[in-house]
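Colleague: I am new to this structure and would like a close look at one part of it, the stretch that carries the binding-site annotation. Please also describe what surrounds that stretch.

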Amino acid sequence: DWTMGAYKDEAIRKIREQVGDKKVICGLSGGVDSSVAAVLIHEAIGDQLTCVFVDHGLLRQGEAEEVVTMFRDHYNMPLIHADEQDLFLGELDGQFDPETKRKIIGRLFIDVFQKHAAEVGGAKFLAQGTLYPDVIESVSFSGGPSVTIKSHHNVGGLPEKMGLKLVEPLRELFKDEVRALGLELGLPDSFIGRHPFPGPGLAIRCPGEITREKLEILRKADAVFIDQIRKHGLYDEIWQAFVAILPVRTVGVMGDGRTYDFACALRAVTSVDGMTADYYPFSHEFLGETATRIINEVQGINRVTYDITSKPPGTIEWE
Ligand code: XMP
């Protein structure tokens, strides 16, 4: 009968068969999907794999250090830490349309990979942690007409000009299965249990124009929200939780003074696979305490709202 152990062995056999003695580069995002893909491929082909971790300037607080430490130092994987913040934030400057932003990020990812693939010297394959829901959601929605809701930068194949073939060992799996596979591969519980984080990162949680100032505020507010969720023991009950910074300043009062700062929205949902989702029913106490902490601890935010939209009709991310 079917077990994750058997699935793993079969996946490793297929990777070896596909790749042979060629080199592979893998885009590591810090999320569970690309991490499981990397560890699986590393187990299959060892040092034929080089991971490329792109810091696009759209990561959460402390994330780059965490990922580099874990994979380079703990797993001993060849890892290129590509600091491309100026490139991405430069090209995103002045852009506010969601699809335009996604397309810019997707295109730059490909450029950056191409550059680093060349550094690795003759890589022939690009590995990605594409899941089954990514595959179907980019093609159609709810069985309806074929329409793109959001362009996922990790789906749809790469341009011919890149000259790399795709290795996508998670393409048949749902999120819970990827987590089970990660455990089977010995990834720590705490890592496997991390909430999903999208490739375009904080860009899709920053509707409107992306500025370094807004990203800095967003990182701080997000860290407070996640800290609150952990302190209240809710992290594992929630599929995904984050803050979105809204493209609007509102008037507030702090002490004797007037403030004119950004509003933010808390987003937290339960889900099985990310394809449908319900907003998480926090207590009013939790929400009030979190709003107070964010406004007190994060300079630049003076108003906190809670997003109570389910998916559908909303999506989980704001863009
Ligand atoms: P939405 O916002 O479409 O998100 O309801 C569903 C799930 O997908 C994640 N997401 C992405 N993941 N690349 C990714 O790797 C992307 O471009 C992307 N867009 C959304 C989102 O975080 C949620 O878990």
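Modeller: A residue is called buried if 20 or more other C-beta atoms lie within 10 Å of its own. The model is a predicted one. In the UniProt record, an unreviewed entry, the annotation "binding site" covers Ser 29, Gly 30, Gly 31, Val 32, Asp 33, Ser 34 and Ser 35.

Take Ser 29 to begin with. Ser 29 sits in the loop between strand E1 (23-28) and helix H2 (32-45). Ser 29 counts as buried because it has 26 C-beta neighbours inside 10 Å. Leaving aside residues up to four places away in sequence, Ser 29 is in contact with Ser 34, Phe 197 and Gly 199.

Ser 34, one of those contacts, belongs to helix H2. With 24 other C-beta atoms within 10 Å, Ser 34 is therefore buried too. Its contacts, again not counting residues up to four places away in sequence, are Cys 26, Gly 27, Leu 28, Ser 29 and Gly 129.

The strand before the loop, E1, pairs with E4 in the parallel sense, over four bridges. In this pairing Lys 23 stands opposite Ala 123 of E4. Strand E4 (residues 123-127) is mostly covered, with four of its five residues buried. E4 is also joined by three bridges to strand E5 (residues 165-167), and these two strands run parallel. There, Leu 126 has Leu 166 in E5 as its bridge partner.

Cys 26, already named as a contact of Ser 34, leads to the nonpolar interior. The largest nonpolar core has 76 residues, and those with the most contacts inside it are Val 24, Cys 26, Ile 41, Cys 51 and Ala 221. Helix H2 gives the most to this core, nine residues. Domain 1 (4-192) and domain 2 (211-306) both contribute residues, so the core lies between them. For Ala 221, the contacts beyond four places away in sequence are Val 243, Cys 264, Ile 294, Val 298 and Ile 301.

Last, the two domains themselves. Their centres, taken over C-alpha atoms, are separated by 28 Å. Seven residues of domain 1 are in contact with seven residues of domain 2. On the side of domain 1 that touches domain 2, three residues are nonpolar, one is polar and three are charged.

In short, the annotated stretch includes Ser 29, a buried residue in the loop between E1 and H2, and Ser 34, a buried residue in H2.

Definitions and conventions: Residues are numbered from 1 along each chain as its sequence is written. This is a predicted model: local features need pLDDT of at least 70, side-chain atom pairs count only at pLDDT 80 or more; totals for chains, interfaces and linings use all residues. Domain bounds come from an automatic or database domain assignment. Two residues are in contact if their C-beta atoms, placed from the backbone, lie within 7 Å. Ala, Val, Leu, Ile, Met, Phe, Trp, Tyr, Cys and Pro count as nonpolar, Asp, Glu, Lys and Arg as charged, and the others, Gly among them, as polar. UniProt positions are given in the numbering used here, feature names are shortened, and annotations may be inferred rather than shown by experiment. A residue is buried if 20 or more other C-beta atoms lie within 10 Å of its own, exposed if 12 or fewer, and partly exposed in between; C-beta atoms are placed from the backbone. A nonpolar core is a set of buried Ala, Val, Leu, Ile, Met, Phe, Trp, Tyr and Cys residues joined through C-beta atoms within 7 Å. Two strands pair if DSSP finds at least two bridges between them.
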